[in-house]
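Subject: Structure for your files, with notes on pockets and cores

Dear colleague,

Please find the structure below, handed over together with my notes on its pockets and nonpolar cores.

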Amino acid sequence: MTKKLKGVAIGAGYFSRFQYEAWTRIPEVAITALCDLNTTRAKEVKNTYLIKKQYQDYKEMLIQEKPDFVDIITPPETHFEMCCFAADQGIDIICQKPLAPTYEEAIRLVAYVKSKGVRFVVHENFRFQPWHREIKKIIDHNEIGDLFNLNFRSRLGDGWGNDAYLERQPYFRDYEKLLIYETGVHYIDTFRYHAGEIKNVYAILKKLNPIIKGEDCGMMILNFKNNAHATWDANRYNESNYLSPRYTFGEYLIDGSKGSIRLYPDGKITIQLLGQNEKEHAYTHNDIGFAGDCCYLFQRDYVDNMIFDGVFETNVDNYLKNLSAQEAVYQSAKINMPVEV
């Protein structure tokens, strides 16, 4: 068996637990240490996932542990310093999204890390949700022909009232940009995964809850170079009527020249060819971890590519294309006009 990859992680917040748990199911990896300024929170994570060491200073951890890679699970304003320091030590990097507070900082970060010759991947897991992987196969097999439009509708329901976001991610309340920056970028990436490269965008963005700083409602339209278009109709204010609204995060309809694909909130996929009845498409998805176990699926793919020197789907060069489209979305909403990407 190949020698285990040695990993460490920075961050012990709400979302990190999905990632720590997933690492426990990947036998080729040993997470030997974690770091968080909150020692009580770090100790709880360490004990839950049987990690041997904890640190308060991430620099000390990286120098002492000398890992093969670091999993950075912290807010975006910390990423530049942490990633650059890891790169200086020759350590490969997984970095949580958003990659940086601004597009300009993301570009500087990517350039610096690339200059050090380490592998640099963004933890973008939505494209690894099992339904999106399966839909990609259906599209690639030409089962619905040429793509016409992709329409995803999300109602997340965690952003209404005076207590909005406090339970899981309270820092969302202070983001100057929220819906697209934090959530919509997932769908920019997923739509690109399914439909290819973006030509231009148009967006309408609004703030429904007055207690937060950023936008929480939007309509984002992406036009692709293959003449398909995608629409993301979303807000974090209103609630869905799904049993598990954070499983698929919404409903998805994809139309093509031969028929349509539908994703239902429970993960069911159907295909309806023109002139025929809708038929369920059989595939495997499991309601464990986060959103169909997509953290595990991302991390499993990362490890396979580390071992076999493969190409990471969410490498930073590819991910900058998402951020370029994200910038265009905000510019479009500002000027109320389509913007080229």
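The notes below take the pockets and then the cores.

This is a predicted model, in which local features need pLDDT of at least 70 and side-chain atom pairs count only at pLDDT 80 or more, while totals for chains, interfaces and linings use all residues. Residues are numbered from 1 along each chain as its sequence is written, and side-chain values use heavy atoms, with hydrogens and water left out.

The largest pocket (on a 1 Å grid over the protein atoms alone, an open set of points where a 1.4 Å probe fits, with protein on both sides within 12 Å along at least five of seven lines) holds about 770 Å³, a volume being the space filled by probe spheres set on the points. Its lining, meaning residues with an atom within 4 Å of a point, comprises 40 residues, with I73, T74, P75, Q96 and Y171 nearest the centre. Helix 7 (residues 179-195) gives the most to this lining, three residues.

The second largest pocket has a volume of about 210 Å³, and among its 14 lining residues T24, A30, I31, Y49 and L50 are closest to its centre.

The largest nonpolar core (buried nonpolar residues, that is, under 20% relative accessible area, joined through side-chain atoms within 4.5 Å) has 77 residues, and W23, F69, F191, L222, W232, I254 and Y302 have the most contacts inside it. Apart from it lies another core of 33 residues, including Y55, M61, V316 and L323.

Best regards

How values were computed: Helix = DSSP H or I, 4+ residues; strand = E, 2+ residues; numbered from the N terminus. Buried < 20%, exposed > 50% of the residue type's maximum accessible area, 1.4 Å probe, protein only.
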